[in-house]
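Biologist: Please take a close look at one part of this model. Walk me through what it packs against, step by step.

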Amino acid sequence: MRVLAISNPNSTSQSDALFRQVIPLLRDVEGAHMRMQFTHYAGHAEEIVRGMTRTDFDAIVVFGGDGTVNEVVNGLLGPADRKDRPRPEELPVLGVVPTGSANVFVRALGIPNTPVEAAHVLARLMERDTRRKIHLGTWNDRWFAVNAGFGLDADVLARVDRAREMGFSATPLRYLAVSAQAYLRARVIPPEISVHAVSRAGEQFTAHKVPLMFTSNTNPWTFLGPLPVVTNPRNSFDAGLGLFGVSDLGGIHA
C-alpha cells in the first residue's frame, strides 16, 4: 500500500515527539510504504493532491484538522461543478490523524480525538482495508466535508483564522471569546441571509433575513471542548445535508 502522509505543521497539537509515537504505528502496517510531505501555506495541501489518482497513491493520511481535510478533499475532487469528476474508486482513500483544535470530522466518524489513539485505529482499518463512503456538501465551486457557515458562524471562523495567523492557538476558549464578541456585533447590525432549500422528498423551505445559518452533513455539528454541539439530531454522513439557523439574535425576551 502506497501512502502519502500530508502534515500541517501549524495545526494545534503537532510536535516531533508526537510523530515519534504515531509514524511507527502506521509504518508497521504490513505492506505500507509511506511518504511524508509538509504543507507550507494555506491551500498547499490542495495543491499537493490536485489531480492525484489511485495510480499515484492508494491512501492519503492527513495529519491536521478539519481545514486540512477540506483542502485535500477539494484537491482530489476538483471544482464542484466539474463535469469530468473522477469516480470514488479512482481516488486514494482518505484517513486522518487529528491534530487540529476541533477535529469535528474524525470525531463525527467515531475515531478518537487524540492523535495516538486515532493512529492505532487507523492502522487497524488499513490492515483490514476497511473504508466507507460519505456525502459531501458544496458551496459555489467548493466542497466541504463537515459544514459551511454563513453570517455569525462565518465571522467567528474568519476571526479565529486571523488570530492563528498572528500566532495564537485555536483553543475552545478562544472560539468562545470570539463567538461572544461576534454575537454582540451581530446584534447591532444583524446579517441578512436568504435561504431556499429542497428536500429529497421535494419539500421546499424558504426564509429571508436570517442572521445565522449553516448547513452540515453530520451530527454533532461541532464540539465545545469535549462537549458535542447537536443542532440536527437526525443528520449523518449517510443522510445528506441538514440546515440550522435562527431567526432572531435578540436572545430571551421577557
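Modeller: What follows is a close look at helix H1 and its partners. This is a predicted model, so local features need pLDDT of at least 70, side-chain atom pairs count only at pLDDT 80 or more, and totals for chains, interfaces and linings use all residues. Residues are numbered from 1 along each chain as its sequence is written, and side-chain values use heavy atoms, without hydrogens and water.

Helix H1 covers residues 16-27. Helices (H or I, at least four residues) and strands (E, at least two) are DSSP runs, numbered from the N terminus. H1 packs against helix H5, residues 115-128. Their axes (lines fitted to C-alpha atoms over the stretch in contact) are 9 Å apart. The angle is about 10° (the scale runs from 0 to 180 degrees between N-to-C directions). That makes H1 roughly parallel to H5 (under 35 degrees; over 145 is roughly antiparallel, 65 to 115 roughly perpendicular, the rest oblique).

Which residues of H1 make the contact (heavy atoms within 4.5 Å)? They are Leu18, Gln21, Val22, Leu25 and Leu26. H5 answers with Pro115, Val116, Ala119, His120, Leu122, Ala123 and Met126. The contact residues divide into 10 nonpolar (Ala, Val, Leu, Ile, Met, Phe, Trp, Tyr, Cys and Pro), two polar (the others, Gly among them) and no charged (Asp, Glu, Lys and Arg).

H1 also holds Phe19, which pairs with Phe38 in strand S2, residues 33-38. The two lie 19 residues apart, so the pair links distant parts of the chain. The structure holds three aromatic pairs (rings of Phe, Tyr and Trp, its six-membered ring, with centres within 6.5 Å). Here the centres are 6.0 Å apart and the planes meet at 85°, so the pair is edge-to-face (over 60 degrees; under 30 is stacked, the rest tilted).

Notes: Contact = heavy atoms within 4.5 Å.
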